[in-house]
Amino acid sequence: MIDLLKPLLDWNSLARQTVDADRAIIAGGEPTSILFCLEDGTAISAEGESYGVGDMLGLCEVLALDHYATRIDASAPCRLVAIHRETLEGALQRGGRLVLPLSRSIAADITQRRMAG
């Protein structure tokens, strides 16, 4: 997904933040107003899903939900790119008229299946 978004965003202007190992990147229950891209380090979800460099953390939840349902912790020190939801949505809209609605629809389906078990 990062390869699809990179040309649509001014990557160098996006905020960065660091998170120490064994700290929450996404605590769960917080607003989905920021999407995180793992620029360095590793992370793991409460369900055991592993994330590495270049992975988007919580992309489906950002597109489908108002609040994160999944906790994601840094399993090593992490450097993250913070992409505000409005920035993400603007980038997807530049991809074509149907890209954002279609992305939301797919994300909602994936999120519902994950939450159902």
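This passage describes helix H3 and its surroundings in a predicted model.

Helix H3 spans residues 85-94 and includes Glu89. The buried residues of this helix are Arg85, Leu88, Glu89, Gly90, Ala91 and Leu92. Just after H3, a positive phi of about 140 degrees is found at Gly96.

Glu89 has a relative accessible area of 18% and is therefore classed as buried, the cut-off being under 20%. When residues up to four places away in sequence are not counted, Glu89 touches Leu100 and Arg104. With Arg104 there is a side-chain to side-chain polar contact of 2.4 Å.

Leu88, the residue preceding Glu89 in the list of buried H3 positions, belongs to the largest nonpolar core. This core holds 32 residues, of which Ile25, Ile83 and Leu88 touch the most other members. At least two core residues are supplied by each of strand E2 (24-26), strand E3 (34-40), strand E6 (56-57), helix H2 (59-64), strand E7 (72-74), strand E8 (78-84), H3 and helix H4 (99-116). E8 provides the largest share, 5 residues. In soluble globular proteins, nonpolar side chains tend to be buried together.

The contacts of Leu88, leaving aside neighbours within four places in sequence, are Leu5, Leu35, Leu59, Val62, Leu63 and Ile83. Ile83 is thus both a contact of Leu88 and, with Ile25 and Leu88, one of the core residues that touch the most other members.

Terms used. Residues are numbered from 1 along each chain as its sequence is written. This is a predicted model: local features need pLDDT of at least 70, side-chain atom pairs count only at pLDDT 80 or more; totals for chains, interfaces and linings use all residues. Side-chain values use heavy atoms; hydrogens and water are left out. Helices (H or I, at least four residues) and strands (E, at least two) are DSSP runs, numbered from the N terminus. Buried means under 20% relative accessible area, exposed over 50%, partly exposed in between (1.4 Å probe, protein chains only). A polar contact is a pair of N or O atoms within 3.5 Å; within protein, one must be able to donate a hydrogen and the other to accept it, and residues adjacent in sequence count only if both atoms are side-chain atoms. Contact means heavy atoms within 4.5 Å. A nonpolar core is a set of buried Ala, Val, Leu, Ile, Met, Phe, Trp, Tyr and Cys residues joined through side-chain atoms within 4.5 Å.
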